[in-house]
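The exercises below are to be worked with the sequence and the coordinates at hand. Each task is followed by a solution in steps.

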Amino acid sequence: MTRGESANSRQPNGASSIYLGKDGRWHGRVTVGVKDDGKPDRRHVSRKTRAEVTKVVRELERQRDKGSVRKAGQSWTLETWLTHWVENIAAPNVSENTIDGYRVAVNHHLIPGLGAHRLEKLEPEHLERFYKKMQETGSAAGTAHQVHRTLRAALNEAVRRGHSIRNPATIAKAPRLEEDEVEPYSVEEVQRLLAEAGKHRNTARWVIALALGLRQGEVLGMQWTDVDFELGVIRVRRGRLRPRYEHGCGNRCGRKPGFCPQKINVRRETKSVKSRAGQRPIGVPDELVDLLRRHKEEQGRERALARDLWTEKGYVFTSPVGEPLNPNTDFHRWKDLLKAAGVRDGRLHDARHTAATVLLILGISDAVVDSIMGWEPGKSARMHRRYQHMTSRVLKDTAAKVGGLLWGVDQMTGRAVPEAAQSPVPAELVVHVARLGERRIPFLHREHADEVVAQWSEDWPDHTAEVEEWDRWRWEHQGPGGASAIRDRMPERALVFHARALFLVGGERAATVVPEQWSVPAWDFETDRYTDRASAWRTARRAGAGQEVEAQVRGTARTAVEAAFTEACAQAVDRAQNPGKYGDSDEW
């Protein structure tokens, strides 16, 4: 309505109006809604000509009818909105690890690069140029992609709350992200890793990662209440969180919080796993159950040694004083393990890829794989593609199965194979198995198997020793070793010296029928007798009515074993006489 129009031509309440002001400019007013205080939200625009202001008024009306008018109030810049969003909206509603990623994307990338833009003025082209600049200055494509996802989530919330009309991050082209193809570790590499892990603390931690494919947080967050030794089952319930430290010195040390001598962890240690599928029971091989039992016994010895320094929290894998392992320290232990085992470098998460690929090789059904790996049933096709890798072994086995089905011929010789003798995979290699009593050791080369059998027969003439011929498929699917690696080198053999003595409660040496000192030959695959140390000794109190204390020594050097035996016996006498000193029970 223009100035000077009659009163009876007045527009009804809430209708838009256009008029010429005393300043010589045309003005428009449009009611777009209601303010928080209940008053009409009436927007004002001004232009030089009536046509210009009419166009703007009609656009405001169109936005009002669509419900896309920007909310009145604070005029947000990208910096002010992202700061508010990450601390007040996202932080209370996402996990600790997620908010850490959001804060890095917001504070280290988005605010310095785009923070001055007003929300309503931000365009997709601004984002695309920013992503390109990130990569040109050294950021990885994955980092730029993570920044893009964070910005998209933040702007979606701004649109939902009416602070912005549209989300340019849904229009902008995200940085192209090409996932590197992961090469899972072979069975031979896994066995080298496990052999090396056996020389260090927390051996079972790496066995669980490589055999069962648990995530790092799931392994480090595991507690003894999650392990059922009777059923042979591990229940995954929680994950370990990365610590977040603050100064305990009042910020006087001049270091970062994580390096403060009096640092304080302000984050909880664990959280529940992220989905119902993640909370799952996993069957454990008998060998791993036995390893966990030995690990629990070793942890008990560490607890007794630490005494009042030990903090009992029930974790399966701990520091020497009972605290849960730090994920960063655990990562560096993995790198050290790869180097010591002579295995190519890789991520810790590659162990999970390895476990998933082993399940593929073994032909485990998708439903069971989903349960073991913790994937949502029926929604895991992408995870199968990402984690289960078509190794040359899988491709060859598949080709052999097709050839056997269509032509019924041995792919090695070209001759027809009798139906009864056909196996799903023709024998690509003959496995030479040294049968040593009840133990079977597979070798790639016949001369290695022959040498082991010859030496075994000389060492133990009363035990069976012979070489058996197995085809590879039969050994890996039917042999007692399952899919265990086939040895391609000669195992090491050593003479292991033993010493043993038993002491009664008062410290008197007890008579036994077992000789105090003896020696036996042992190979590196005989873990029950083998040692690679000059000497190692221990004392232990026997369970039962007698409560005798036993001193045990073994090693590869006779003189070192004899010297250690004297030391072990001295401690055993002291332990028999002073049980409380060694953390033994005083109740006899």
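**Exercise 1.** In this predicted model, which residues form a nonpolar patch on the surface, and about how much accessible area do they have together?

*Solution.* The patch is formed by Val513, Val514 and Trp518, which together have about 300 Å² of accessible area. To place one member, note that Val513 is found in the loop between strand 15 (509–510) and strand 16 (517–523). The relative accessibility of Val513 is 85%, and since exposed means over 50%, Val513 counts as exposed.

**Exercise 2.** Classify the ring pair of Trp76 and Trp81 from its geometry, and decide whether each residue is buried or exposed.

*Solution.* The structure holds seven aromatic pairs. In the pair of Trp76 and Trp81 the ring centres are 5.2 Å apart and the planes stand at 85°. The centres must lie within 6.5 Å for a pair, and planes over 60 degrees apart count as edge-to-face, so this pair is edge-to-face. For burial the cut-off is under 20% relative accessible area; Trp76, with 10%, is therefore buried, and Trp81, with 0%, is buried too.

**Exercise 3.** Which rings lie beneath Lys263 and Lys296, and at what distances from the ring centres?

*Solution.* The charged end of Lys263 sits over the ring of Tyr245, 4.5 Å from its centre. Lys296, in turn, lies over the face of Trp224, at 5.2 Å from the ring centre.

**Exercise 4.** Describe the setting of Arg43, beginning with its strand and ending with its side-chain contact.

*Solution.* Arg43 lies in strand 3, which covers residues 40–47. With 18% relative accessibility, Arg43 counts as buried. Its side chain is joined to that of Asp41 by a polar contact of 3.0 Å.

How values were computed
Residues are numbered from 1 along each chain as its sequence is written. This is a predicted model: local features need pLDDT of at least 70, side-chain atom pairs count only at pLDDT 80 or more; totals for chains, interfaces and linings use all residues. Side-chain values use heavy atoms; hydrogens and water are left out. Rings of Phe, Tyr and Trp (its six-membered ring) pair if their centres lie within 6.5 Å; planes under 30 degrees apart count as stacked, over 60 as edge-to-face and the rest as tilted. Buried means under 20% relative accessible area, exposed over 50%, partly exposed in between (1.4 Å probe, protein chains only). A charge sits over a ring if NZ of Lys or CZ of Arg is within 6 Å of the ring centre and within 35 degrees of the ring normal. Patches are made of residues with over 30% relative accessible area and no salt bridge: like charges are joined within 9 Å, nonpolar side chains (Val, Leu, Ile, Met, Phe, Trp, Tyr) within 5 Å. Accessible areas come from the Shrake-Rupley method with a 1.4 Å probe; for residues, only the protein chains shown count as cover. A salt bridge is a side-chain nitrogen of Lys or Arg within 4 Å of a carboxyl oxygen of Asp or Glu. Helices (H or I, at least four residues) and strands (E, at least two) are DSSP runs, numbered from the N terminus. A polar contact is a pair of N or O atoms within 3.5 Å; within protein, one must be able to donate a hydrogen and the other to accept it, and residues adjacent in sequence count only if both atoms are side-chain atoms.
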